[in-house]
Amino acid sequence: MITTGFTFCGKHSDEFGIVCDPQTRILIPAKRRTIVTIPGRSGYYINSDGTYDARVETFHCYFKKPDNVSLADQARKIAYWLSADGLLAFDNEPDKYYDAYFSAAPPQVRHLKYGEFDLEFTYSPPFAHTTQKYVISTVKSSNNGIVIPVDGTADTPCRIIIKNVGTTTIRNIKVTRQIE
């Protein structure tokens, strides 16, 4: 079994003695579809706008109780930490993060010095984010193109800020998107 840790709401799972089994990661969330039954017609009418439902993933986690702390007290500390909504990043993908929230109350199995539970997170939007990229460029003449590379695999919003530091009025700005 390969185990890994994660950071949620700015705290790493190591702080709570937790490791998790990441083998249950899903490849892609379910595509959002509206299915309409039409009387007198076999099958369905399926409408899809290309969007996806939230991603829900479950991980099996183990935690070891620290010395001088009961297993129940350690479980309470973990529950308090997981009760917030925040950013989630896994150790095996430190440059990616999700907007996540803990979405199911897990039953806990207690042993003498450790506990285990299934941890279910919901990510919405369902795709990983990366850290922000900044491209600063000076355009001194017309027809000067600026390329902003993006390494993602899903359509995502972006923010482009254009600042005129000169005295000439900026005209005819054209923003295009190119997929390679």
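Let me start with the charged pairs: this structure, which is a predicted model, holds four salt bridges, and I will go through three of them, since they lead us into the rest of the fold.

Take Asp-53 and Arg-32 to begin with, which form a salt bridge whose closest N and O atoms are 3.2 Å apart. This pair links distant parts of the chain, with Asp-53 in the loop between strand S5, residues 45–52, and S6, and Arg-32 in strand S4, residues 31–36, so that 21 residues separate them. Asp-53 has a relative accessibility of 31% and therefore counts as partly exposed, and Arg-32, at 39%, likewise counts as partly exposed.

The next pair is Lys-96 and Asp-95, whose side chains meet in a salt bridge at 3.1 Å, N to O. Lys-96 is partly exposed, with a relative accessible area of 27%, and Asp-95 is partly exposed as well, at 43%.

The pair I would like to dwell on is Arg-55 with Glu-57, where the closest N and O atoms of the salt bridge are 3.7 Å apart. Are these two residues buried or exposed? Arg-55 is buried, and Glu-57 is buried too; for Glu-57 the relative accessible area is 1%, and because buried means under 20%, this residue falls within that class.

What surrounds Glu-57, then, once we leave aside its neighbours within four places in sequence? Glu-57 is in contact with Arg-25, Ile-26, Leu-119, Glu-120, Phe-121 and Tyr-123, and with Tyr-123 there is also a polar contact, side chain to side chain, at 2.7 Å.

Glu-57 sits in strand S6, which covers residues 55–64, and that strand deserves a closer look. In a regular strand the side chains alternate between the two faces of the sheet. Along S6 we find this alternation, with Arg-55, Glu-57, Phe-59, Cys-61 and Phe-63 pointing to one face and buried, while Val-56, Thr-58, His-60, Tyr-62 and Lys-64 point to the other face and are not buried.

As for its partners, S6 is joined to strand S10, residues 114–123, by 10 bridges, and the two run antiparallel; within this pairing Phe-63 stands opposite Gly-115 of S10. Strand S3, residues 18–21, also runs antiparallel to S6 and is joined to it by four bridges, and here Asp-21 has His-60 in S6 as its bridge partner.

Stepping back to the whole chain, we have one helix and 11 strands, and in sequence order the pattern reads β-β-β-β-β-β-α-β-β-β-β-β. Of the 180 residues, 22% count as buried. If we consider contacts between residues at least 6 apart in sequence, 60% of them join residues at least 24 apart. The chain exposes about 13800 Å², of which carbon and sulfur atoms supply 52%.

Finally, a word on the surface, where Val-135, Val-139, Ile-146, Ile-148, Val-150, Ile-160, Ile-162, Ile-170, Ile-173 and Val-175 form a nonpolar patch with about 890 Å² of accessible area together. One of these residues, Ile-160, lies in the segment after strand S11, which spans 129–130, and Ile-160 is partly exposed, with a relative accessible area of 43%.

How values were computed:
Residues are numbered from 1 along each chain as its sequence is written. This is a predicted model: local features need pLDDT of at least 70, side-chain atom pairs count only at pLDDT 80 or more; totals for chains, interfaces and linings use all residues. Side-chain values use heavy atoms; hydrogens and water are left out. Buried means under 20% relative accessible area, exposed over 50%, partly exposed in between (1.4 Å probe, protein chains only). A polar contact is a pair of N or O atoms within 3.5 Å; within protein, one must be able to donate a hydrogen and the other to accept it, and residues adjacent in sequence count only if both atoms are side-chain atoms. Contact means heavy atoms within 4.5 Å. Patches are made of residues with over 30% relative accessible area and no salt bridge: like charges are joined within 9 Å, nonpolar side chains (Val, Leu, Ile, Met, Phe, Trp, Tyr) within 5 Å. Accessible areas come from the Shrake-Rupley method with a 1.4 Å probe; for residues, only the protein chains shown count as cover. Two strands pair if DSSP finds at least two bridges between them.
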